[in-house]
Amino acid sequence: MKITDLEQSILKIRDTYNRRFTPSSPTINKRRSDCFVYVLTGEAEYIFEGKRHIARAGNIVYLAHNSRYSVRVTDENYTFFYVDFYFENPKQVIFENEIYTAKGIAALEKTFEKLYHLWKGGLVADRLMANALLYQIYSEIMKNQSTQYLSAKSKETMEFATNYILTHLDDCNLTAAELTRRCMLSETH
């Protein structure tokens, strides 16, 4: 199951890191906690359940607690922030590893950096703020994933409708009924 399928509470942050890895052979890992990796520069290959994924600058990699995966750094400039944490998961839901990418996610670099510095500061107030920033990151992932997927047919229909509206803005006969008829949709859709 994807983390975007359920609303989860974050139990606590375990630690945060700012790292640079050099090119390497694949390393196989088993997660002791949940983790968000924000890729700053470069790229790395992650293998989840036999499928290869490339994480690039601006991507967030979610690594699920107890999951197995391998990672191979393919770029000398692979740098990243990551935060280890625990979702409160009393039903022991098994989450999938995933790579997230979207405009809003790519803009989270400063949020990860601030979270890192607050956590490393060690003051109770700073750690509470770090938790708030982790929720902000999680919220941005949820928001982007809930609006990111559109089928090719839906995208085509949306593009047609948008273009039609823009070219007929001054047409006083433009109605929702006319637009839906041209898009071959019901007015409800």
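Here's a quick briefing on the aromatic pairs, charge-over-ring contacts and nonpolar cores of this structure. Keep in mind that this is a predicted model. A search of the whole structure turns up 14 aromatic pairs, and the largest nonpolar core holds 29 residues. Phe36, Tyr62 and Phe85 appear both in a cluster of linked rings and among the core residues with the most contacts inside that core.

**Aromatic pairs**

- There are 14 aromatic pairs in the whole structure. In one of them, Tyr78 and Phe80 have ring centres 5.1 Å apart and planes at 40°, so this pair counts as tilted.
- Both partners are tucked away: Tyr78 is buried, with a relative accessible area of 1%, and Phe80 is buried too, at 3%.
- Phe85 and Phe87 make an edge-to-face pair, with 5.0 Å from centre to centre and 85° between the planes. Phe85 and Phe87 are also both buried.
- Phe85 and Phe87 belong to a cluster joined up by ring pairs, along with Phe36, Tyr62, Phe95 and Tyr138.

**Charges over rings**

- Lys120 lies over the face of Tyr17, 5.3 Å from the ring centre.
- Arg127 puts its charged end over the ring of Trp119, at 3.9 Å from the centre.

**Nonpolar cores**

- In the 29-residue core, the residues with the most contacts inside it are Ile3, Phe36, Ile60, Tyr62, Phe85 and Phe112.
- Two or more residues each come from strands E1 (9-21), E3 (34-41), E6 (60-63) and E8 (78-88), and from helices H2 (109-121) and H3 (124-148).
- H3 is the top contributor to this core, giving six residues.
- What does Ile3 touch, not counting residues up to four places away in sequence? The list is Phe36, Tyr62, Phe87, Phe95, Tyr100, Tyr138, Ile141 and Met142.
- A second core, separate from the largest one, has 17 residues, including Cys35, Val37, Leu63 and Tyr82.

**Leu6, ahead of the first strand**

- Leu6 sits in the segment before E1.
- Is Leu6 buried or partly exposed? Its relative accessibility is 31%, and buried would need under 20%, so Leu6 counts as partly exposed.
- Leaving aside neighbours within four places in sequence, Leu6 is in contact with Met1, Val93, Phe95, Tyr138 and Met142.
- Leu6 and Met142 are 136 residues apart in sequence, with 9.3 Å between their C-alpha atoms.
- Phe95, Tyr138 and Met142 turn up in the contacts of Ile3 and in those of Leu6.

Methods. Residues are numbered from 1 along each chain as its sequence is written. This is a predicted model: local features need pLDDT of at least 70, side-chain atom pairs count only at pLDDT 80 or more; totals for chains, interfaces and linings use all residues. Side-chain values use heavy atoms; hydrogens and water are left out. Rings of Phe, Tyr and Trp (its six-membered ring) pair if their centres lie within 6.5 Å; planes under 30 degrees apart count as stacked, over 60 as edge-to-face and the rest as tilted. Buried means under 20% relative accessible area, exposed over 50%, partly exposed in between (1.4 Å probe, protein chains only). A charge sits over a ring if NZ of Lys or CZ of Arg is within 6 Å of the ring centre and within 35 degrees of the ring normal. A nonpolar core is a set of buried Ala, Val, Leu, Ile, Met, Phe, Trp, Tyr and Cys residues joined through side-chain atoms within 4.5 Å. Helices (H or I, at least four residues) and strands (E, at least two) are DSSP runs, numbered from the N terminus. Contact means heavy atoms within 4.5 Å.
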